[in-house]
Amino acid sequence: MRIFLDANVLFSAARADGVIRRLLSESQTRKHALVVGQLVVVEARRNLERKASSAAVVFLELLLQSIDSSDAVPRLVATDIDWLVEKDRHVLCAAIHMRCDVLMSGDFAHFGAGYGRTFDSVKILSPRMTAELLLPASTS
């Protein structure tokens with residue numbers, strides 16, 4: 001599965017060794033591809049430089065080495081995205097352009113209305129929803 005990461009997911013993973021970082025690591029262990037667009041990387045880097053330690057910026061750079069990325073700035077290709085704030089439409093369009101299965105975003109304010117919905121084959125999920133999909137509880 002190809003999972004496009006929003007800037008807030010990158011920020012959270014780089015800032016602290018917590019649930020998001022472990023989710024990304026486990027996703028890669030299970031052979032899921034993590035994907036980002038350059039505009040998302042720029043936003044995450046800028047926010048880390050303003051709000052986090054230099055170690056977080058270094059971790060982001062290391063993390064990016066194991067993530068598929070694209071410099072392409074996709075045109076708006078998704079249909080029915082008027083609900084999404086204009087400044088975030090590029091994120092969904094990049095996920096579609098890069099043929100992802102999931103767009104993972106922790107931004108409930110902007111992406112929450114799309115959680116669980118699919119747009120041009122990309123399903124928008126919160127980190128929790130992504131974890132439930134990728135890491136189902138084991139049965140004993």
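**View 1. N47 sits in helix 3.** This helix covers residues 38-51. The model shown here is predicted. N47 is buried, because its relative accessible area is 16% and buried means under 20%. Which residues does N47 touch, leaving out those up to four places away in sequence? They are F11 and A52.

**View 2. C93 is a buried cysteine.** The relative accessible area of C93 is 0%. Where is the cysteine sulfur closest to that of C93? It belongs to C100, 12 Å away. That is too far for a bond. A disulfide is a covalent bond between the sulfur atoms of two cysteines. To count as one here, the pair of sulfur atoms must lie within 2.5 Å. The sulfurs of C93 and C100 are 12 Å apart, so they do not form this bond.

**View 3. C100 is in no disulfide.** The nearest cysteine sulfur to that of C100 is the one in C93, at 12 Å. Is C100 buried or exposed? C100 is buried, with a relative accessible area of 1%. How many disulfides does a search of the whole structure find? The search finds 0.

**View 4. The fold is built from helices and strands.** The protein has 7 helices and 6 strands. In what order do the elements run from the N terminus? The order is β-α-α-β-α-α-β-α-β-α-β-β-α. The chain begins with a strand and ends with a helix, counting these elements alone. Now take the contacts between residues with a separation of 6 or more. Of these, 63% join residues 24 or more positions apart.

**View 5. The overall dimensions come from the C-alpha trace.** Along its principal axes, the trace spans about 45 × 40 × 25 Å. The protein has 140 residues, and a compact globule of that length would have a radius of gyration near 14 Å. The protein has 14 Å, so the value agrees with the globule rule.

**View 6. Surface, interior and charge complete the set.** Of the 140 residues, 46% count as buried. The protein exposes about 7500 Å². What share of this area do carbon and sulfur atoms supply? They supply 51%. The protein carries 17 positive and 16 negative charges. The mean positions of the two sets are 3 Å apart.

Definitions and conventions:
Residues are numbered from 1 along each chain as its sequence is written. This is a predicted model: local features need pLDDT of at least 70, side-chain atom pairs count only at pLDDT 80 or more; totals for chains, interfaces and linings use all residues. Side-chain values use heavy atoms; hydrogens and water are left out. Helices (H or I, at least four residues) and strands (E, at least two) are DSSP runs, numbered from the N terminus. The radius of gyration is taken over C-alpha atoms; the globule rule is 2.2 Å times the number of residues to the power 0.38. Buried means under 20% relative accessible area, exposed over 50%, partly exposed in between (1.4 Å probe, protein chains only). Contact means heavy atoms within 4.5 Å. Accessible areas come from the Shrake-Rupley method with a 1.4 Å probe; for residues, only the protein chains shown count as cover. Lys and Arg count as positive and Asp and Glu as negative; His and the chain ends are not counted. The place of a charge is taken as NZ of Lys, CZ of Arg, CG of Asp or CD of Glu.
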